[in-house]
Amino acid sequence: MRAATELLTTFASALKIIHDRLSERLRTPQIAIVCGSGLSTLGASMRERTIIAYADIEGLATSTVPGQISALAFGLIGEGEGVPVVAMLGRFHPYEGYQLSQVVYPIRLLALLGVKDIIITNAAGGLNPSNPVGTIVVVHDHIALPNLTGPLNALLGPVLTPPFDTRFVPLSNAYSFSLRKLVFKAAYNLGLPRDALAEGTYAWVSGPTYETPAEGRFLRSIGADVVGMSTIPEVVAACQAGLQVIVLSLVTNVVVIPETYASPREEFEAELAGRFVPPATQHEVTHAEVLEVGRHKAEVMKQLVEAVVVARDAERKQAT
Ligand code: HPA
């Protein structure tokens, strides 16, 4: 219980630091956006922007991943009076050595700021051959191997105080149907080609190693379309806090799953028999490649997220 009380005090200090830095208009963001690798330019086009470094906010760690800034960006998206939003420029991963409670701390902070919806973006490896590099996958389900197999669920631990007090959080509707529909509508209105977007299931792995061919084959065979090292702890914490969730995964690389096995034994035996064997080449995924595709596609992702924010706000205003 002591840990839960300490956490409350930390949240209160963090909220005060943030409120003191923001204008009245920016204090209650409607929508939060989590920017993945190479996608932090999402924060650049906000109006009346206020950037607060994670280092200045009580309880927040600093992202150590190249390509990720460590700051919250508050601002307005859309024309006219605009929609107040907050973007996380950089996130935390267990592979950096952070506890899951640290990984989800900013998500809980966003919920306490009054955010209703959260758009989580990430860079992911493609497992489904129908989704080439550059495809934006609108996630409708996930497989969290670390949650299923080991003590690596973000909600493990003592029950916290409201709104983080649901012990058994259902995830069968984790990804809002109506918000996903809104993404496709926004993409259509932006004139994006139909195949720019796909629907799929995200597999969460702890990383930081990329998958072996056998692991990639396994993930594909159990129904995953993309694989990544982030997002799911955030989704779980957001669901517990009652937020509506959208996840957009940008396929930055194709997971290396060779169709055939290149056998050194067969190659040796063919050489013995005097047959020429062309050398087998195998691609290896690099973080530089992931960042490059992220940067390249950041503009499309930004336009899509902005269009969803504006459409969501219009929908909400219509409903009230
Ligand atoms: N695997 C896991 N995580 C990733 C990948 C990948 O291939 N690409 C980007 N994040």
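In this predicted model, Ile 31 has Asp 117 as its bridge partner in strand S5, and this pair offers a way into the sheet around that strand. Ile 31 belongs to strand S1, which spans residues 31-35 and pairs with S5 in the parallel sense over four bridges. Strand S5 itself covers residues 117-126, and because ten of its ten residues are buried, with buried taken as under 20% relative accessible area, the strand is largely enclosed by the rest of the structure.

Two further strands pair with S5. Strand S9, made of residues 244-254, runs parallel to S5 and is joined to it by ten bridges, and within this pairing Ile 119 has Ile 246 as its bridge partner in S9. Strand S8, made of residues 226-228, pairs with S5 in the antiparallel sense over two bridges, with Gly 126 standing opposite Val 226.

These strands also lead to the ligand, since S5, S8 and S9 each supply at least two residues of the shell around the ligand, and S5 gives the most, with three residues. Among the residues of the shell are Ala 123, Ala 124 and Gly 125, together with Val 227, Gly 228, Thr 252 and Asn 253. By class, the shell has seven nonpolar, four polar and one charged residues.

Turning to polar contacts, a nitrogen atom of the ligand lies 2.7 Å from an N or O atom in the side chain of Glu 211, and a ligand nitrogen atom is likewise 2.7 Å from an N or O atom in the side chain of Asn 253. A polar backbone atom of Gly 125 is 3.3 Å from a nitrogen atom of the ligand. Of the 260 Å² of accessible area that the ligand has on its own, the protein covers 95%.

Definitions and conventions:
Residues are numbered from 1 along each chain as its sequence is written. This is a predicted model: local features need pLDDT of at least 70, side-chain atom pairs count only at pLDDT 80 or more; totals for chains, interfaces and linings use all residues. Side-chain values use heavy atoms; hydrogens and water are left out. Buried means under 20% relative accessible area, exposed over 50%, partly exposed in between (1.4 Å probe, protein chains only). Two strands pair if DSSP finds at least two bridges between them. A residue is near a molecule or strand if one of its heavy atoms lies within 4 Å of it. A polar contact is a pair of N or O atoms within 3.5 Å; within protein, one must be able to donate a hydrogen and the other to accept it, and residues adjacent in sequence count only if both atoms are side-chain atoms. Accessible areas come from the Shrake-Rupley method with a 1.4 Å probe; for residues, only the protein chains shown count as cover. Ala, Val, Leu, Ile, Met, Phe, Trp, Tyr, Cys and Pro count as nonpolar, Asp, Glu, Lys and Arg as charged, and the others, Gly among them, as polar.
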